[in-house]
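User: I have a model here and want the reasoning behind its labels. Take me through them one at a time.

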Amino acid sequence: MNFLSEDQDDMQNTLTVRWTVIPVHAPQPVLACSTCASPRPFRSSDRLRLNANGKKLDAWLIYKCTQCDKTWNRPLFERRNIREIDPATLQALQSSDAQWARRHAFDLDALRRKTSRIEVFPECVVEKTMLGACAGEGNLEIVFSVPLPSQLRLDRLLASELAISRSRLQTLDVAGALHVQPTSKDALRRPVSHGSAVHIAVETLPDRDALMLAACGANTG
Ligand SMILES: [Zn+2]
């Protein structure tokens, strides 16, 4: 008698990999450049500028015009009381922490408050780590780690990394062989999000081995 539930059975039959998706370029606000005398995209330098005035602090993220290098200082804090800033943030500001600055460069909502025109770049680097596997896997599970917001659509990411077409993904989805978690309408067409996962039932697919290898990061030629 088999005491395993179907779910447990599935889990034992699953190859699980984590894809860490890192966008290559931060969003670029399009602003009027006085030197170019024209609207231009500005790129983040990931550098910070601070100005302390008594107990008040201003902090800016420095952007450069992509054509002429003219500077735009994007305000992060304006005349903020130093005591109201948490110690970790203050430390990041004072050490000009490039990683901290980069996280702010990807804060699309904050940028949208400055300009309605923003250029976004879907290109990502994908690092693949095998988390667990056992012999005879019939299911592939890809768990996504997305430390910085990505604009890359899930179907484009899967198609390029698994070397299959987006229409094939659609077919698998319609056939119930592909599930995205958490479930949402048009999940495949939305940007990949942190903590989401894709399950693909690969057992009966003719290219099962190639898909498994591609998911693990092996070069399938
Ligand atoms: Zn310019």
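User: What makes Cys33, Cys36, Cys65 and Cys68 donors of the zinc ion?

Analyst: Distance. In this predicted model, their SG atoms lie at 2.2 to 2.3 Å from the zinc ion. The cut-off for a donor is within 2.8 Å of the metal, so these sulfur atoms qualify.

User: Why is the site of the zinc ion called tetrahedral?

Analyst: The site has 4 donor atoms, with angles of 101 to 114°. Four donors count as tetrahedral if all angles lie between 85 and 135 degrees, so the label fits.

User: How are the donor residues spaced in sequence?

Analyst: The pattern is C-x2-C-x28-C-x2-C.

User: Where are the bounds of domain 1 and domain 2?

Analyst: The domain assignment gives domain 1 as 6–24 + 122–216. Domain 2 spans 28–119. Their centres, taken over C-alpha atoms, are 35 Å apart.

User: How do you know that domain 1 and domain 2 are in contact?

Analyst: Contact requires heavy atoms within 4.5 Å. By that rule, 5 residues of domain 1 are in contact with 4 residues of domain 2. The area buried between the two domains is about 390 Å². Carbon and sulfur atoms give 67% of that area.

User: Which residue classes does domain 1 bring to this interface?

Analyst: The side of domain 1 that touches domain 2 has 4 nonpolar residues, 1 polar residue and no charged residues.

User: How many salt bridges and polar contacts link domain 1 and domain 2?

Analyst: The rule finds 0 salt bridges across the interface. For polar contact, the count is 1 residue pair.

Conventions
Residues numbered from 1 in each chain as written. Predicted model: local features only at pLDDT ≥ 70, side-chain atom pairs only at ≥ 80, totals over all residues. Heavy atoms only, no water. Domains from an automatic or database assignment. Buried area = accessible area lost by both parts, 1.4 Å probe. Salt bridge = Lys/Arg side-chain N within 4 Å of Asp/Glu carboxyl O. Polar contact = N/O pair within 3.5 Å; in protein donor to acceptor, adjacent residues only side chain to side chain. Nonpolar A, V, L, I, M, F, W, Y, C, P; charged D, E, K, R; others polar. Donors = N, O, S within 2.8 Å, 3.2 Å for Na, K, Ca; no water. Tetrahedral: all angles 85-135°; square planar, octahedral: opposite > 155°, others 65-115°.
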